[in-house]
Amino acid sequence: MVKKPLIGASCILGILIYTECKMRIATVSDIHGMWEGINYPPADILVLAGDILKNYDYNRTIDAHQQLEELERLNSFLAQLVDFKTYSHIVFTAGNHDFV
């Protein structure tokens with residue numbers, strides 16, 4: 001008898017229970033400040049994969065100050081997605097246009 005590979009397991013009262021686990025990952029990138037207008041699909045994890053913040057002046061110093069304010073708004077927005085159980089985890093990676 002060939003057993004399926006172990007994907008997930010839990011132990012309840014000493015009984016090992018094997019379960020198949022699937023993880024859904026949604027990815028978004030290159031939205032350049034349009035993060036409020038995105039229809040985010042439901043998933044376990046949301047990955048914001050670079051160039052998420054708006055470029056205001058294409059001057060790194062000016063953009064960094066304005067992006068810092070935008071990042072605070074984005075953080076509140078993402079916290080709501082977690083609070084509403086849309087995602088259990090959110091990963092943010094900065095892109096070459098995210099200067100903060």
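This note covers a buried glutamate and an aromatic cluster in a predicted model.

1. Basis. The model is predicted; local features need pLDDT of at least 70, side-chain atom pairs count only at pLDDT 80 or more, and totals for chains, interfaces and linings use all residues. Residues are numbered from 1 along each chain as its sequence is written, and side-chain values use heavy atoms, without hydrogens and water.

2. Glu70, setting. Glu70 sits in helix 1, residues 60-83 (helices are DSSP runs of H or I, at least four residues; strands are runs of E, at least two; both are numbered from the N terminus). Glu70 has a relative accessible area of 2%, so it is buried (under 20%; exposed is over 50%, partly exposed in between; 1.4 Å probe, protein chains only).

3. Glu70, partners. A polar atom of the Glu70 side chain lies 3.0 Å from the backbone nitrogen of Lys54. Glu70 has no salt bridge (a side-chain nitrogen of Lys or Arg within 4 Å of a carboxyl oxygen of Asp or Glu). The nearest side chain of opposite charge is Arg73, 5.0 Å away.

4. Aromatic cluster. Trp35, Tyr40 and Phe77 form one aromatic cluster (ring centres within 6.5 Å, using the six-membered ring of Trp; planes under 30 degrees apart are stacked, over 60 edge-to-face, the rest tilted). The count is 2 aromatic pairs. Trp35 and Phe77 have ring centres 5.4 Å apart and planes at 50°, so this pair is tilted. Trp35 lies in the loop between strand 3 (25-28) and strand 4 (45-49) and Phe77 in helix 1, so the pair ties together parts 42 residues apart in sequence.

5. Second pair. Tyr40 and Phe77 have ring centres 5.9 Å apart and planes at 50°, so this pair is tilted. Tyr40 is in the loop between strand 3 and strand 4, 37 residues from Phe77.

Terms used:
Polar contact = N/O pair within 3.5 Å; in protein donor to acceptor, adjacent residues only side chain to side chain. Lys, Arg positive; Asp, Glu negative; His and termini not counted.
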